[in-house]
Amino acid sequence: MSVAVAATIALGATGCEFMSPAQTTEIKQITDGVNVTTGKVDIRNALLIADDAEGARFVGTIVNNAERDDVTLSIEVGGDTQTVTVPANTHIDLGAAAEPSEQATASTEEGDDTTQGTAAGQSREVVFDDADTKPGSLVKVYFSYSGAEGVSASVPVLTSQQEEYATLAPTSSPEPTSEITLPVETPAATPTDDATQDAGN
């Protein structure tokens, strides 16, 4: 077999590898939420947790990649807007707790800031009371802050039936009930037998 024929066979056998993209370049999102970016701010794994259409809790991580400037990010869902202030070079986890999580605290103490090289900030809750969200749907969420062009994303609405979100559905506060106190009628005093006898004497 000549060298030219051997080369032709080898090229035919491996030609598909030259034409097919490498698997490592096809990066797919494997989280439940969505990722978007506006200016220096990255929103990671954004989703909403709701068991009904009356309210929803926002879950995700806000990353401020700016080295010096703090950012106040507006998150708008169906006309209801909440704001989150993120210090420079810091990431904040939204949804799970109002205090820094044990994992975030441990990472900070060890110097292992895994979210794009930013420091862990104080976690907090973001709840929309009038978000008009429907479980199982996609809802338009608009992210914006001063000095950058806003961006919208279709964010999934999940329920607390999934184990990892079991405690995250917003709970409606019971409406205060006014207690009505009725006056208590006391029976009229009746004269005793002794008092009646004294009066007769």
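Me: If helices are DSSP runs of H or I with at least four residues, strands are runs of E with at least two, and both are numbered from the N terminus, in what order do the elements of this protein run?

Reply: The model is a predicted one, and in it the elements run α-β-β-β-β-β-β-α-β-β-β-β-α from the N terminus on, a series made up of 3 helices and 10 strands.

Me: What makes strand S3 an enclosed element?

Reply: Buried means under 20% relative accessible area, and 9 of the 9 residues of S3, which spans residues 56-64, are buried, so the strand is largely enclosed by the rest of the structure. The cover extends to both faces: Ala56, Phe58, Gly60, Ile62 and Asn64 are buried on one side, and Arg57, Val59, Thr61 and Val63 are buried on the other. For the protein as a whole, 29% of the 201 residues count as buried.

Me: Why are S2 and S3 called paired strands?

Reply: Pairing requires at least two bridges found by DSSP, and 7 bridges join S2 (residues 41-49) to S3, the two running antiparallel, so the criterion is met. Val41 stands opposite Asn64 in this pairing, and the two strands form a hairpin with 6 residues between them.

Me: Which other strands pair with S3, and over how many bridges?

Reply: Strand S6 (residues 90-94) pairs with S3 in the antiparallel sense over 5 bridges, with Gly60 opposite Leu94. Strand S8 (residues 127-128) also pairs with S3 in the antiparallel sense, here over 2 bridges, which is just what the cut-off of at least two asks for; in this pairing Arg57 stands opposite Val127.

Me: What makes the contact between Arg57 and Glu125 a salt bridge?

Reply: The cut-off is a side-chain nitrogen of Lys or Arg within 4 Å of a carboxyl oxygen of Asp or Glu, and the closest N and O atoms of Arg57 and Glu125 are 3.4 Å apart, so the pair qualifies. Because Arg57 lies in S3 and Glu125 in the loop between strand S7 (119-120) and S8, the salt bridge ties together parts that are 68 residues apart in sequence. Arg57 has a relative accessibility of 8% and so counts as buried, whereas Glu125, at 39%, is partly exposed.

Me: Why does the pair Arg44 and Asp42 also count as a salt bridge?

Reply: The closest N and O atoms of Arg44 and Asp42 are 3.6 Å apart, and the limit is 4 Å, so this pair passes as well. The structure holds 2 salt bridges. With a relative accessible area of 8%, Asp42 is buried, while Arg44, at 26%, is partly exposed.

Me: Which parts of the model call for caution, and why?

Reply: The mean pLDDT of the protein is 75, and 59% of its residues reach 70 or more. Among the elements, strand S1 (residues 34-38) has the highest mean pLDDT, 97, and helix H2 (residues 102-110) the lowest, 38. Over residues 23-30 the pLDDT is below 50, and this stretch has 3 contacts in the model beyond near neighbours in sequence. Residues 173-180 likewise stay under 50, and for them the model has 0 contacts beyond four places in sequence. Where pLDDT is low, the predicted coordinates should not be read in detail.

Key. Residues are numbered from 1 along each chain as its sequence is written. This is a predicted model: local features need pLDDT of at least 70, side-chain atom pairs count only at pLDDT 80 or more; totals for chains, interfaces and linings use all residues. Side-chain values use heavy atoms; hydrogens and water are left out. Buried means under 20% relative accessible area, exposed over 50%, partly exposed in between (1.4 Å probe, protein chains only). pLDDT is the predictor's confidence in each residue, from 0 to 100. Contact means heavy atoms within 4.5 Å.
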